[in-house]
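Work through these exercises with the structure open. Each task is followed by a stepwise solution.

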Amino acid sequence: MGTTFEIKDGVGLVTMSGSLTAGQVDAFRAEFNEWQKSSESFRNVVLDCQGIDFMDSSGLGALIALLKRVSERGGDLKLARLPKKVRMVFEITRAYKIFQICDTVEEALQACK
Amino acid sequence: MKAVLQTGSAPAWAHDLGFETWALAPVAGRPLLEYWLELCDLLHITEVRLVLSDGAQAVEAFAQDGARWGLKISYSFLDPDEDPDLFLTRSPELWTGGLFYLRAPLFPRRLAAAPLAKMNVAGTHLHREGGRTACLLSAEPEFLKTFLAGAELALGAHDFAELGFAPEPVASLQDYFELNLRMVRGECARYVSPGYFFKDGAGIGFNVVIPPAARLQPPLVIGNNTRLGALTIIGPDVIIGHRCIVDQQSELARCVILDGTYIGRNLEIHDKIVAGQRLIDPTDGTVAEIEDPWLLATVPGTLRPADILRAVLGWPLALLLALLQCIPFLLLGGLLKVTGAWGLGRGAYHATRQRRAALLAFPTAAGGRLPTLARLFRAASLDLFPALLHVLAGRLWLCGQEPLRVGSDDALRRELKEYFPGALSYAVPRAEVSDTLIKRVDALYYAHHRSVAEDTRILLRALFGRLAGLFGPNGTEPLP
């Protein structure tokens, strides 16, 4: 799984690619926590999910943990550009009720302002 | 009059559902082929020829001799790449006395609300798809002679609607989904035999477990041996196949769940087809393989008496072999490690019930000659020790197919309908290979010939074959 972290317009932008499954969540969580600790300049986070090809319940659990962590810092987590297959997982697990999902990264960044 | 039904190969939609042939794709819980066989009976046809290609074994296992429908079913084979019409032209004289011919994946939709009565057919009825005859019913020898000579005639042919049914194409997942929903919304009643009742819009099979806290909202169809969890909400417009499990607090509406599917806890499935671990959106045909037993999974088939016998005999035998190997494995394995001759690789393999097992494997035949100690280790089958422990844990059978590697063999694993990974297999006596074709042939051969006698043969060959191969080029038997 590949992840890049950047700050855009004062919002943390995480771009993910590959699979987000049980084997990858620990590394992803650790990378995100480290990045968040090292930078205090943002509270809101946008996850660009376009590159994710598969996500299972562990991946979903990791995103929920991320949401909790961001919320605890007074921020908001938004997901952008969910691929169809990942969107289907969100539909059946009712995760779409928890996350705010945007069609584009720009829309998500705008919603964070 | 005789019937010739082409079960053919799977169009893309049937393949996405996991079927090798469209004929076995279920509509309202029954294979599509069964609707055609019932229609043959209504048309006073007793002799039915099923033309098989892909999925032949499954079709034959389902239809058998046809006695269930009062039919005499015989079978023929056709190469999937050949034109289906070629079969009729092989011996045209067989069919000129009257022919009911089905060429393509169609559904015989009954037009009247009441069940169809038996009927005598005169004249010719024809249905075309894409400019070619897709379904034909003719009692006219002259017409049939011309048709069998290769001419596409429609002159003088009547529409099937006159007989009270209309062949309807099933050309996509969307067609398949809508057909199922239409059936559950009421058309199911047209296909039930007199004496059955579908007026309340709920068809529930045998041995279905429904807890009091589950809520059923008809119309719905639930197959045999299905189990619903507490606080589930099923319906409206839901078809659940046989041997399914819907776990607690899940909600299903406007969806088709195929046989042997596990739906995890607290899921919401709307407007979808679920086939085992495949989640399908029929509107655009997107198929998501969800390899996560917490969400969707395939329910293993029911245990057959032979499987119980295998478990009863196999487990103590595996225990005995593991006890015999324990100390030699530790001693010789330790020696190999110390001398640096330990060349075995450790990898993750697909085990039973979607679990995984870590196993040891020697390098492939191309990897060079094994050192003497390693050859001894191999001759005593000590590399199988971890596999025997997996047999004791229920992750592998004692004898079965060669376990498939996670990653490199994933495509083959998905392709195999019957997967019985075993500690001992045809592959044990020979050198390790990475050729998928050999693995596929072995797996299919075993699935077809699986029996206690075959397992015994594998056991003996696996244990003694390696001993015999000790003095071979690499301590192994040559490849077949």
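Two strands pair if DSSP finds at least two bridges between them. The model is predicted.

**Exercise 1.** Find which residue of β5(A) is the bridge partner of Lys78(A).

*Solution.*
- Locate strand β4 of chain A, residues 77-80.
- Go to strand β5 of chain A, residues 100-102.
- The partner of Lys78(A) there is Gln100(A).
- β4(A) and β5(A) pair over three bridges, in the parallel sense.
- Trace the link: β4(A), helix α3 (residues 84-93) of chain A and β5(A) form a right-handed β-α-β unit.

**Exercise 2.** Find how many bridges join β3(A) to β4(A), and describe the crossover that connects them.

*Solution.*
- Strand β3 of chain A spans residues 45-55.
- Four bridges join β3(A) to β4(A), and the two run parallel.
- One bridge pairs Val45(A) with Leu77(A) of β4(A).
- From β3(A) the chain passes through helix α2 (residues 57-72) of chain A to β4(A), a right-handed β-α-β crossover.

**Exercise 3.** Sort the side chains of β4(A) by direction, and decide whether they are buried or exposed.

*Solution.*
- In a regular strand, side chains alternate between the two faces of the sheet.
- Leu77(A) and Leu79(A) point one way, Lys78(A) and Ala80(A) the other.
- The cut-off for buried is 20 or more other C-beta atoms within 10 Å.
- All four residues are buried.

**Exercise 4.** Describe the side of chain B that touches chain A.

*Solution.*
- The contact takes 12 residues from chain B and nine from chain A.
- On chain B, β20 (268-275), β21 (278-281) and β22 (286-289) each give two or more residues.
- By class, that side has seven nonpolar, one polar and four charged residues.

Conventions:
Residues numbered from 1 in each chain as written. Chains lettered and ligands numbered in written order. Predicted model: local features only at pLDDT ≥ 70, side-chain atom pairs only at ≥ 80, totals over all residues. Buried ≥ 20, exposed ≤ 12 C-beta atoms within 10 Å, placed from the backbone. Right-handed = clockwise from strand over helix to strand, strands pointing away. Contact = placed C-beta atoms within 7 Å. Nonpolar A, V, L, I, M, F, W, Y, C, P; charged D, E, K, R; others polar.
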